[in-house]
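Ready for a few warm-up exercises? Keep the structure open beside you and try each task before reading its solution.

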Amino acid sequence: MDTQIATATKPLMAQARPRKPAPFLPMSRAEMDALGWDACDIVLVTGDAYVDHPSFGMAIIGRLLEAQGFRVGIISQPDWHSAEPFKVLGKPKVFFGVTGGNMDSMVNRYTADRRIRSDDAYTAGGEGGKRPDRCTVVYAQRCREAFKDVPIVLGGIEASLRRIAHYDYWSDKVRRSVLADAKADLLLYGNAERAVVEVAHRLAAGEAPRSLDDVRGVALFRKVPEDYSELHADDLDSADEGATRQKGATVIRLPALEQVEQDKEAYARASRVLHRESNPGNARPLVQRHGDRDLWLNPPPIPLTSEEMDAVYDLPYARAPHPSYGEAKIPAWDMIKFSVTIMRGCFGGCTFCSITEHEGRIIQNRSEGSILREIEKIRDKTPGFTGVISDIGGPTANMYRMACKDPKVEAACRRPSCVFPEICPNLNTSHDDLIRLYRKVRETRGIKKVMVASGVRYDLAVESPEYIKELVTHHVGGYLKIAPEHTERGPLDKMMKPGIGAYDKFKRMFDAAAEQAGKKYYLIPYFIAAHPGTTDEDMMNLALWLKKNRYRADQVQTFLPSPMATATAMYHTGVNPLRGVRHGGSDKVEAIKGLRQRRLHKAFLRYHDPDNWPVLREALIEMGRRDLIGSQPHQLVPAHQPPGTGKAAGTRRPVRPGGKTQRFTTKGLRVMK
């Protein structure tokens with residue numbers, strides 16, 4: 001690794017200065033007065049309601065900084081129309097920390113069809129409209145207006161996924177780094193505990209933000225030092241892509257903002273290189289020109305050890321929403337208050353997902369002891385607990401303690417996925433630690449049932465018949481949601497997902513385990529419409545598979561191009577960044593952009609809905625598949641619209657004759673009809 005970037009790490013809590021924790025981090029001057037504070041050291045501004053629980057990023061960062069000896073205040077969902085609400089806690093002595101919240105604010109507010117959502121799960125009362133579009137930018141600008149000389153540090157998933165020039169689906173253009181738009185001093189990307197602790201202590205000691213260019217996980221504007229050699233990934237006529245390894249300090253130059261705005265292959269190249277340089281063990285700094293300045297990204301942070309993860313989750317959270325919300329319900333809190341996070345990260349690398357870009361592909365695990373302690377806190381301190389843990393998992397349900405068998409191989413690896421196109425032989429896929437954890441949780445006094453609601457990675461699960469038996473016998477409650485996403489090889493390859501054969505194998509094992517346990521359990525599969533690389537024929541074949549297997553999707557998922565995802569680069573550019581990108585040598589991808597085609601793909605997933613029959617008939621005729629129009633079991637839609645069906649009729653859809661049909665919703669419970 002380059003010597004200029006920190007390679008050794010202090011233990012996360014090495015500089016901790018224990019002090020009496022606040023009941024809640026203060027959100028008002030009155031609370032500060034009650035604590036005896038004349039000022040805050042750090043003020044955190046968030047687009048979410050303040051829930052003091054480790055499932056909410058601002059609570060983790062706030063409590064962690066509190067444990068470091070800082071006085072931390074929270075400004076939650078401020079009125080952004082003036083700077084006054086950003087002065088409510090006074091001038092912070094060290095810095096403002098700004099985040100959009102647990103979700104990107106645009107993903108939070110708009111659907112895949114760019115329609116405004118009416119609600120917000122992270123707001124009291126579920127009320128929508130409590131945060132501005134691109135709220136990280138707006139909040140940072142208001143902080144600057146409030147106190148122009150206070151450093152501003154961006155963090156959270158919105159900043160993390162917009163750290164370089166990125167395609168923004170909602171404006172349909174390439175936007176510059178959020179750091180430039182926000183006019184902030186630093187951006188911390190990924191899981192930022194390690195970085196935020198170091199940044200806080202060094203800023204408090206009087207260092208200038210620009211001097212923190214050696215901290216991992218930090219992005220800032222700076223010149224390339226004279227002792228660095230540049231590798232030019234911005235040369236689209238070269239096949240090298242800046243991948244050459246050489247001695248000494250090196251930085252990889254991405255295609256510039258102006259280049260990626262004008263040249264879609266340059267955008268795809270930048271995406272490919274960023275994802276390739278994502279392993280903390282071998283990643284090098286990246287630099288991208290923005291006008292007359294260079295945006296510099298240090299390598300990703302070193303993952304937390306289990307001891308450090310335990311320290312984060314053992315912090316003195318109130319485990320409740322701030323009292324100022326009264327009796328108002330916060331839907332996201334209601335959903336997670338009886339659940340437990342046991343790990344972070346995902347090595348699946350699904351191209352439409354942002355977990356890898358934010359949390360990384362190296363799994364960070366909590367110890368059994370820490371997990372059991374949290375379950376006891378839920379049991380003893382969370383009102384309304386009935387003995388049921390609603391979920392035990394993380395980004396995936398069953399990657400707990402999985403890792404590369406050889407740390408040296410892991411540190412050198414540059415693969416975007418450990419399980420695609422097949423499971424890497426260097427990956428330890430043992431579920432033994434997870435099975436043991438499940439059993440210990442079930443044995444905890446007062447625990448009646450432990451559910452697994454996180455996504456099960458089924459291609460890993462089939463490697464452990466014992467895990468599937470344990471899961472089905474003890475941790476499923478009627479149905480289990482699972483995500484094959486598609487049936488056809490073309491789109492699955494662009495998603496980096498296993499073939500439908502892996503799902504079929506898991507289903508057989510799942511059904512056998514359910515029968516052995518004497519249970520009536522069902523799988524609820526997720527599917528995506530309009531993903532890049534999907535043809536109309538692919539969606540037609542998926543619809544035929546759904547009908548053959550008697551599935552009816554009530555709510556379907558249309559591909560939403562989230563910032564920085566590999567699939568988003570495919571959607572914007574029509575180029576596949578999973579392969580080499582250069583002028584005249586790039587692999588092309590069909591992107592489904594037109595509203596008519598996106599609706600058609602969605603209609604294929606809901607082939608059974610009479611509202612969709614006219615558009616499906618028209619499409620099948622255009623595709624030369626009139627044979628699929630009719631009333632026979634192998635056909636998709638009837639030849640004529642039956643009286644009383646469709647939107648105009650306003651009536652219930654007819655019941656399909658010939659046995660029960662399983663209906664499912666991608667967001668809820670299976671229903672039998």
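**Exercise 1. Find out how strands β4 and β5 pair, and over how many bridges.**

Step 1: Locate strand β4 at residues 95-99 and strand β5 at residues 152-154. Helices (H or I, at least four residues) and strands (E, at least two) are DSSP runs, numbered from the N terminus.

Step 2: Follow the two strands along the chain: β4 and β5 pair in the parallel sense, over three bridges. Two strands pair if DSSP finds at least two bridges between them.

Step 3: Pick out one partner: Phe96 is bridged to Ile152 in β5.

Before going on, a word on what you're looking at. This is a predicted model, where local features need pLDDT of at least 70, side-chain atom pairs count only at pLDDT 80 or more, and totals for chains, interfaces and linings use all residues. Residues are numbered from 1 along each chain as its sequence is written, and side-chain values use heavy atoms, with hydrogens and water left out.

**Exercise 2. Place that strand pair in its sheet, and say which helix packs on the sheet touching β1, β4 and β5.**

Step 1: Read off the strand order, which is β3-β1-β4-β5-β8-β9-β13-β12-β11-β10 in an open sheet of 10 strands with mixed pairing.

Step 2: Go to the edges, where β3 (72-76) and β10 (229-232) each pair on one side only. From one strand to the next, the twist averages 25°.

Step 3: Now add the helix: α4 (residues 135-146) packs on this sheet and touches β1 (42-46), β4 and β5. The direction of α4 makes about 160° with that of β4. Here axes are lines fitted to C-alpha atoms, for helices over the stretch in contact, and angles run from 0 to 180 degrees between N-to-C directions. Contact means heavy atoms within 4.5 Å.

Step 4: Look at the loop between α3 (105-109) and α4, where you'll find Arg134. Arg134 is not a glycine, yet its phi is positive, at about 50°.

**Exercise 3. Work out which strands form the edges of the three-stranded sheet, and what lies across β22 and β24.**

Step 1: The order in this open sheet is β21-β22-β24, with parallel pairing.

Step 2: The edges are β21 (479-485) and β24 (557-558), each pairing on one side only.

Step 3: Check the β21 pairing: five bridges join β21 to β22 (residues 522-529), and the two run parallel. Lys481, for example, has Ile524 in β22 as its bridge partner.

Step 4: Helix α22 lies across β22 and β24, at about 165° to β22.

**Exercise 4. Describe how α20 packs against α22.**

Step 1: Two packed helices are described by the angle between their axes and the distance between the axes. For α20 (residues 536-548) and α22 (residues 595-605), the angle is about 20° and the axes are 8 Å apart.

Step 2: α20 and α22 are therefore roughly parallel to each other. The cut-offs: angles under 35 degrees count as roughly parallel, over 145 as roughly antiparallel, 65 to 115 as roughly perpendicular and the rest as oblique.

Step 3: The crossing of α20 and α22 is right-handed. A crossing is left-handed if the near helix is turned anticlockwise from the far one by less than a right angle, and right-handed if clockwise.

Step 4: Residues of α20 in the contact include Met539, Leu542 and Leu546, and those of α22 include Leu600 and Phe604. The contact residues divide into eight nonpolar, two polar and one charged. (Ala, Val, Leu, Ile, Met, Phe, Trp, Tyr, Cys and Pro count as nonpolar, Asp, Glu, Lys and Arg as charged, and the others, Gly among them, as polar.)

**Exercise 5. Do the same for α15 and α17.**

Step 1: α15 and α17 (residues 465-474) pack at about 25°, with axes 10 Å apart. That makes α15 roughly parallel to α17.

Step 2: The crossing of α15 and α17 is left-handed.

Step 3: On the α15 side you'll meet Asp432, Arg439 and Arg442, among others, while α17 brings residues including Glu466 and Glu470. The contact of α15 with α17 divides into four nonpolar, one polar and five charged residues.

Step 4: Step back to the loop between α14 (407-412) and α15 (432-442), which holds Pro421. A cis peptide bond joins Phe420 to Pro421, with omega about 5°.

**Exercise 6. Say where the predictor's confidence stays under 50.**

Step 1: Start with the whole chain: the mean pLDDT (the predictor's confidence in each residue, from 0 to 100) is 93, and 95% of the residues reach 70 or more.

Step 2: The stretch to find is residues 648-673, where pLDDT stays under 50. For these residues the model has 63 contacts beyond four places in sequence.
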